[in-house]
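Student: I'd like a close look at one part of this fold, with the rest sketched in around it. Let's get the picture up before we start.

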Amino acid sequence: MAFEIMALLVKRPVKSTGFTLIELVIVILLLGVLSAVVLPRINISSFRQQGFYQQSTAAVRIAQKLAISSGCVVRVQISGAGCTVTWNVCAPASGTNVPSPATGNNNFCANSDGTVPAAADVSFDAIGRPVNSATPTTLLATQNITINGR
């Protein structure tokens, strides 16, 4: 019986699990060095350009669909500052900006970072045709959105 009590009192070595402090510090240092080298090499402007292209295309499509569904002339203006869709002739009032369905703001596009060489302005008539584009209109420099008039 004494041996059983002694066996209970003697501590067995505990297996350690997990990482040591030195291992954690080395991993954090490696991550810091890696991020200092890799992050400056990521080209954010190409992501912004692609995003602006997609948002501009969506604004043009929304304007065309609004023109068809409302029977009104709808105008799209794209510049380096962003994209706006406006009721040009008709209800609710001429010159009223259409809010973006995604954000509720008047600006459909984020800042372009200079990807738009010149401002583009296109209007769509009641059946969705571009009314001020006798020749194809190219809206962006890096990726083209071409709207053909009839």
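Student: Among contacts between residues at least 6 apart in sequence, what share joins residues at least 24 apart? With that in hand, could you zoom in on strand β2 and whatever pairs with it?

Tutor: Sure. Keep in mind that this is a predicted model. Your share is 48%: that much of the contacts between residues at least 6 apart in sequence join residues at least 24 apart.

A quick overview before β2. The protein chain has 3 helices and 6 strands, and from the N terminus the order of elements is α-α-α-β-β-β-β-β-β. Of its 150 residues, 24% count as buried. The accessible surface adds up to about 10400 Å², with 62% of that belonging to carbon and sulfur atoms.

Now to the sheet. It is an open one, built from 4 antiparallel strands in the order β3-β2-β1-β4. The edges are β3 and β4 (120–124), each of which pairs on one side only. So to follow β2, look to β1 on one side and β3 on the other, because that is how the order and the pairing rule work out.

Take the β1 side to begin with. β1 spans residues 73–79 and runs antiparallel to β2, with 7 bridges between the two strands. A hairpin through 2 residues connects them. To get the register by eye, find Ser-79, which stands opposite Gly-82 of β2, then slide along to Val-74, which faces Trp-87 of β2.

While you're on β1, check its two faces. Val-74, Val-76 and Ile-78 sit on the covered face, while Val-73, Arg-75, Gln-77 and Ser-79 make up the uncovered one. That matches the general rule that side chains in a regular strand alternate between the two faces of the sheet. Across from β2, β1 also pairs with β4, antiparallel again and with 5 bridges. One handle on that pairing is Ile-78, whose bridge partner in β4 is Ala-120.

Back to β2 and its other neighbour, β3. The pairing of β2 with β3 (residues 97–98) is antiparallel and has 2 bridges. Val-85 has Val-98 as its bridge partner, and Thr-86 has Asn-97.

Thr-86 is the residue I'd centre the view on. This threonine lies in β2, which covers residues 82–89. Thr-86 counts as buried because its relative accessible area is 9%, and the cut-off for buried is under 20%. Besides being its bridge partner, Asn-97 makes a 3.1 Å polar contact with Thr-86, side chain to side chain. Setting aside neighbours within four places in sequence, Thr-86 touches Val-73, Val-74, Arg-75 and Gln-77, along with Gly-95, Thr-96, Asn-97 and Val-98.

Carry on along the chain past β3 and you come to Pro-101, in the loop between β3 and β4. Thr-86 is buried, but Pro-101 is exposed, at 66% relative accessibility. Pro-101 still has partners beyond four places in sequence, namely Ile-62 and Phe-108. The Ile-62 contact spans a good stretch of sequence: 39 residues separate Ile-62 and Pro-101, yet their C-alpha atoms are 9.2 Å apart.

Ile-62 also takes you over to the helices, since α3 runs over 44–70. There, have a look at the surface. Ten residues to colour are Val-27, Leu-31, Val-33, Leu-34, Val-37, Val-38, Leu-39, Ile-42, Ile-44 and Phe-47, which form a nonpolar surface patch with about 940 Å² of accessible area together. Both α2 (21–38) and α3 contribute at least two residues to the patch, and α2 gives the largest share, with 6 residues. Val-38 is one of the patch residues; this valine lies in α2 and is partly exposed, at 38% relative accessible area. That value clears the bar for patch membership, because a patch residue needs over 30%.

To pull your strand back into focus: β2 is held between β1, over 7 bridges, and β3, over 2 bridges, with buried Thr-86 bridging to Asn-97.

Conventions
Residues numbered from 1 in each chain as written. Predicted model: local features only at pLDDT ≥ 70, side-chain atom pairs only at ≥ 80, totals over all residues. Heavy atoms only, no water. Patch = residues over 30% accessible without salt bridge, like charges linked within 9 Å, V, L, I, M, F, W, Y side chains within 5 Å. Areas by Shrake-Rupley, 256 points an atom, 1.4 Å probe, with all protein chains shown as cover. Salt bridge = Lys/Arg side-chain N within 4 Å of Asp/Glu carboxyl O. Buried < 20%, exposed > 50% of the residue type's maximum accessible area, 1.4 Å probe, protein only. Polar contact = N/O pair within 3.5 Å; in protein donor to acceptor, adjacent residues only side chain to side chain. Contact = heavy atoms within 4.5 Å.
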